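This report goes through one protein chain, strand by strand and then residue by residue. Please keep the sequence and the structure at hand while reading.

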Amino acid sequence: ITITQSVVADGAMQVSVMNYVGAIVYSGSIEFAGGKGQMNISTVPGMYLVLLKDIKGATQTFKVVIEK
């Protein structure tokens with residue numbers, strides 16, 4: 001999954017990926033450069049919520065649909 005930020009912010013961010021019932025299926029950090037970050041997760045197709053949190057505590061949440 002490649003994530004592109006609308007406001008370019010470089011550096012590490014904490015990331016959590018939750019399935020539709022709220023269970024965390026991935027948790028870790030992602031490094032952004034030029035407003036883009038990439039993570040490789042192995043999961044089944046479906047709808048997920050991605051939560052990003054920077055070192056200042058600011059959060060971003062968005063929906064991701066993974067299709068097979």
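Which residue of strand 3 stands opposite Val-15? The residue opposite Val-15 is Gly-28. The sections below place that pair in the wider strand pairing.

## Model and confidence

The structure is a predicted model. The mean pLDDT of the protein chain is 85, and 93% of the residues reach a score of at least 70.

Confidence varies along the protein chain. Strand 1, residues 2–4, has the lowest confidence, with a mean of 72. Strand 5 has the highest, at 92.

## Strand 2 and its two partners

Strand 2 covers residues 11–18, and strand 3 covers residues 24–33. The two run antiparallel and are joined by 8 bridges. Besides the pair of Val-15 and Gly-28, Val-17 stands opposite Tyr-26 of strand 3. Strand 2 and strand 3 form a hairpin with 5 residues between the strands, and in this hairpin Gly-22 has a positive phi near 95°.

Strand 2 also pairs with strand 5, which spans residues 46–53. This pairing is antiparallel and runs over 5 bridges. Val-17 takes part here as well, with Val-50 as its bridge partner in strand 5. Val-17 is thus placed opposite Tyr-26 in strand 3 and bridged to Val-50 in strand 5.

Ser-16 belongs to strand 2. Is Ser-16 buried or exposed? Ser-16 counts as buried because its relative accessibility is 16%, and the cut-off for buried is under 20%. Leaving aside neighbours within four places in sequence, Ser-16 contacts Tyr-26, Ser-27, Leu-49, Val-50 and Leu-51.

## Strands 3 and 4

Strand 3 pairs with strand 4, residues 36–38, in the antiparallel sense over 2 bridges. Phe-32 has Gly-37 of strand 4 as its bridge partner. The hairpin of strand 3 and strand 4 has 2 residues between the strands. Gly-34 in this hairpin takes a positive phi near 65°.

## Strands 5 and 6

Strand 6 comprises residues 59–66. Strand 5 and strand 6 run antiparallel, with 8 bridges joining them. One bridge pair is Leu-49 with Lys-63 in strand 6. These two strands form a hairpin with 5 residues between them, and Gly-57 in its turn has a positive phi of about 95°.

Ile-66 is located in strand 6. Ile-66 counts as partly exposed because its relative accessibility is 22%, and partly exposed lies between the limits of 20% and 50%. Its C-alpha atom is separated by 4.8 Å from that of Pro-45, although Ile-66 and Pro-45 are 21 residues apart along the chain.

## The loop between strands 2 and 3

Asn-19 and Tyr-20 both sit in the loop between strand 2 and strand 3. Which of the terms buried or exposed applies to Asn-19? Asn-19 counts as buried because its relative accessibility is 18%. Apart from neighbours within four places in sequence, Asn-19 is in contact with Val-25, Met-47 and Tyr-48.

Tyr-20 is exposed, since its relative accessible area is 69% and the cut-off for exposed is over 50%. The C-alpha atoms of Tyr-20 and Leu-49 are separated by 7.4 Å, while the two residues are 29 apart along the chain.

## A nonpolar surface patch

Tyr-20 is also part of a nonpolar patch on the surface, formed with Val-21, Met-47 and Val-65. Together these residues have about 470 Å² of accessible area. Val-65 of this patch lies in strand 6. Met-47, another member of the patch, is among the residues in contact with Asn-19.

## Strand 1

Thr-4 lies in strand 1, where the mean confidence is lowest in the protein chain. Thr-4 counts as exposed because its relative accessibility is 53%. Which residues does Thr-4 contact, leaving aside neighbours within four places in sequence? Thr-4 is in contact with Gly-35 and Lys-36. Thr-4 and Gln-38 are 8.7 Å apart in space, C-alpha to C-alpha, and 34 residues apart in sequence.

Notes
Residues are numbered from 1 along each chain as its sequence is written. This is a predicted model: local features need pLDDT of at least 70, side-chain atom pairs count only at pLDDT 80 or more; totals for chains, interfaces and linings use all residues. Side-chain values use heavy atoms; hydrogens and water are left out. Two strands pair if DSSP finds at least two bridges between them. Helices (H or I, at least four residues) and strands (E, at least two) are DSSP runs, numbered from the N terminus. Patches are made of residues with over 30% relative accessible area and no salt bridge: like charges are joined within 9 Å, nonpolar side chains (Val, Leu, Ile, Met, Phe, Trp, Tyr) within 5 Å. Accessible areas come from the Shrake-Rupley method with a 1.4 Å probe; for residues, only the protein chains shown count as cover. A salt bridge is a side-chain nitrogen of Lys or Arg within 4 Å of a carboxyl oxygen of Asp or Glu. Buried means under 20% relative accessible area, exposed over 50%, partly exposed in between (1.4 Å probe, protein chains only). Contact means heavy atoms within 4.5 Å. pLDDT is the predictor's confidence in each residue, from 0 to 100.
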